[in-house]
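Work through the exercises below with the sequence and the model open. Try each task before reading its solution.

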Amino acid sequence: MAKITVVTSGKGGVGKTTSAAAIGAGLAMRGKKTVVIDFDVGLRNLDVIMGCERRVVFDFINVIQGEARLKQALIADRRLDNLSILAASQTRDKDALTTEGVEKVLDELSQEFDHIVCDSPAGIERGAHLAMYFADEAIVVTNPEVSSVRDSDRVIGLLSSKTRRAEKGEEPVKAHLLLTRYDEARVTRGEMMKIEDVEEILSIPLLGIIPESPAVLKASNVGTPVIFDEKTPAAKAYSDAVGRLLGEQLEMRVQPGERRGLFQRILGRTA
Amino acid sequence: MSMFGFFRRKPQPDGSADAAKERLSILLAHERTGRQGPDVLPIIQREIMEVILRHLKIGKDNVDIRIDRGDDFSTLEINIELPEAGGAKPKAASSAR
C-alpha cells in the first residue's frame, strides 16, 4: 500500500507545484518508488516543472474515462528510475474528475508505488477537494504572509472534516506545515512573520522552511525540480523536509538565503 | 542606493510583521468559530427587516448592517434610514454590542 500525500495550500502561487515536484523527486532519491499526480485539470503545470511536458500523451482524465490505461499515461522520469508523473488534462474541465474515478486510479497506483504525491490546484473547489480526499498525510504549503496563512487555516479545517479519513472516523489526515519563500533578512527587520508566529497560528507541526531563493525560478526555467540543484539552500531545505516526512529526526535549520556579497550590495545590484 | 547611504544605513525595525500576526489571530479566531454554523448576518438582517416592515414602510436599500470584529468584543451596527415624514428626513441609528 502506498502512502498518499497531498500538497495543498488554498492560496495560489505559494509554491505547491514546486514543492510537489521537489518532494516527489526527493522521495525517489531516497529509494522510494514515487508517482506525482497533477490534479489541476485545465491548468496543468507539474509537467513543465518536472520537465516532461513534451512527453505527455495521455493524462489522468484519459485514464479515469477509460480512454487510456494507467501504464500508458504514466511518464517515467528520465533522471530517476523510480519516479513517475501523471499529468492533468489541459483541455477538459474539473467536472471530469470524479470521486470514483480518482479512487480507482489511486488504488491501482497503490499496488505499484510506495508514495503517491497529489499536487492540488489552488482554491477549495472540486480539484482541490479530490486531491486531498484520499490523503493519508498533507503538506500545507504556506508563505509567511496574511492571505496565505488565512487560506492555510481554512485548508487545515477541510483536511479534518472533508476527507475520507474524517468521514469514516479514521485516524485524521496528518498535516505538516511547509513554510516557503521565507526571508530571514526581512524577518530580522520585522517585515515578515517569524516561523514561530506562523506555527503558533496554524498549530500543525513544521516539516521544513524553504528560503526565498533564485534557484526556484532557475529550476522552473529548465524544468528540473529544484531539489536536484543540490548545493542550493532551497534544495537542502527540501531534502531535509523529505527526510522528516520519512520520519528522520533532523534539526530544523534555516538555510541561509543566497546572500549578496558586500561588493554587490554597495553597487546596489541584485544577484 | 549611494555608497554613503549604505554606510549610514541602520536597520530600522519595521514592525509590520507584528501587525500581520495580530490581525491573523483575531481574524482566524472568528473564522474558526463561525465555520460550523450558517452565516448569521443575513438571517439577522432578514429578521430585523421583518420586524420593521410590520410598522414602517422602508426599502431593502435603507438598511445597512456592518460588523467590526475586535479582539475583546465585536460590534454590530445597524443603520436604518426611515422614510421622509413631513419634510424632515429623520435617521434612526441603533447599535448593539
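## Exercises on a predicted model

**Exercise 1. Find what covers helix α6 of chain A, and decide whether the helix is enclosed or open.**

Start with the surroundings. The cover over the buried residues of α6(A) includes two strands, β1 (3-8) and β5 (115-119), and the helices α5 (99-112), α7 (146-159) and α8 (164-167), all of chain A.

Next, list the buried residues. They are Gly127(A), Ala128(A), Leu130(A), Ala131(A), Met132(A) and Tyr133(A).

Now conclude. Helix α6 (residues 126-133) of chain A has six of its eight residues buried, so the rest of the structure largely encloses it.

**Exercise 2. Describe the overall build of chain A: which secondary structure elements does it have, and does its radius of gyration agree with or depart from that of a compact globule?**

Count the elements. Chain A holds 13 helices and eight strands.

Check the size. A compact globule of 271 residues would have a radius of gyration near 18 Å; chain A has 18 Å, so the two agree. The C-alpha trace spans about 60 × 40 × 35 Å along its principal axes.

Check the burial. Of the 271 residues, 54% count as buried. The chain exposes about 12400 Å², and carbon and sulfur atoms supply 46% of that area.

Look at the contacts. Take those between residues at least 6 apart in sequence: 74% of them join residues at least 24 apart.

Add the annotation. An unreviewed UniProt entry places "domain: CobQ/CobB/MinD/ParA nucleotide binding" at residues 6-226 of chain A. Over residues 6-226 the chain is 41% helix and 18% strand. The end C-alpha atoms of this stretch are 19 Å apart.

**Exercise 3. Give the strand order of the sheet in chain A and name its edge strands.**

Read across the sheet. The order is β3-β4-β2-β5-β1-β6-β7-β8 (chain A). These eight strands form an open sheet with mixed pairing.

Then find the edges. β3 (75-76) and β8 (206-211) of chain A each pair on one side only.

**Exercise 4. Work out how β4(A) pairs with β3(A) and with β2(A), and which way its side chains point.**

Take β3(A) first. Two bridges join β3(A) to β4(A), and the strands run antiparallel. Ile75(A) has Ile85(A) as its bridge partner. The two strands form a hairpin, with six residues between them.

Take β2(A) next. Strand β2 (residues 34-38) and strand β4 (residues 83-86) of chain A run parallel and are joined by four bridges. Thr34(A) stands opposite Leu83(A), and Ile37(A) stands opposite Leu86(A).

Now the two faces of β4(A). Leu83(A) and Ile85(A) point one way, Ser84(A) and Leu86(A) the other, and all are buried.

**Exercise 5. Trace the pairing of β7(A), and decide whether the strand is enclosed or open.**

On one pairing, β7(A) meets strand β6 (residues 137-142) of chain A in the parallel sense, over six bridges. Here Glu137(A) is bridged to Lys174(A).

β7(A) also pairs with β8(A), again parallel, over four bridges. Leu177(A) is bridged to Leu206(A) in this pair.

Then check burial. Seven of the nine residues of strand β7 (residues 174-182) of chain A are buried, so the strand is largely enclosed by the rest of the structure.

**Exercise 6. Explain why Cys52(A) and Cys118(A) do not bond to each other.**

Recall the chemistry. A disulfide is a covalent bond between the sulfur atoms of two cysteines.

Apply the distance test. The cut-off is 2.5 Å between the sulfur atoms. The sulfur of Cys52(A) is 16 Å from that of Cys118(A), its closest cysteine sulfur, which is too far for a bond. A search of the whole structure finds zero disulfides.

Add the surroundings. Cys52(A) is buried at 2% relative accessible area, and Cys118(A) is buried at 0%.

**Exercise 7. Locate Arg181(A) and Ser203(A), which have positive phi, and classify their exposure.**

Arg181(A) has a phi of about 55° and is not a glycine. Arg181(A) lies in strand β7 of chain A. With 42% relative accessibility, Arg181(A) counts as partly exposed.

Ser203(A), also not a glycine, has a phi of about 40°. Ser203(A) sits in the loop between α10 (195-202) and β8 of chain A. With 57% relative accessibility, Ser203(A) counts as exposed.

Key
Residues are numbered from 1 along each chain as its sequence is written. Chains are lettered from A and ligands numbered from 1 in the order in which they are written. This is a predicted model: local features need pLDDT of at least 70, side-chain atom pairs count only at pLDDT 80 or more; totals for chains, interfaces and linings use all residues. Side-chain values use heavy atoms; hydrogens and water are left out. Buried means under 20% relative accessible area, exposed over 50%, partly exposed in between (1.4 Å probe, protein chains only). Contact means heavy atoms within 4.5 Å. UniProt positions are given in the numbering used here, feature names are shortened, and annotations may be inferred rather than shown by experiment. Two strands pair if DSSP finds at least two bridges between them. The radius of gyration is taken over C-alpha atoms; the globule rule is 2.2 Å times the number of residues to the power 0.38. Accessible areas come from the Shrake-Rupley method with a 1.4 Å probe; for residues, only the protein chains shown count as cover.
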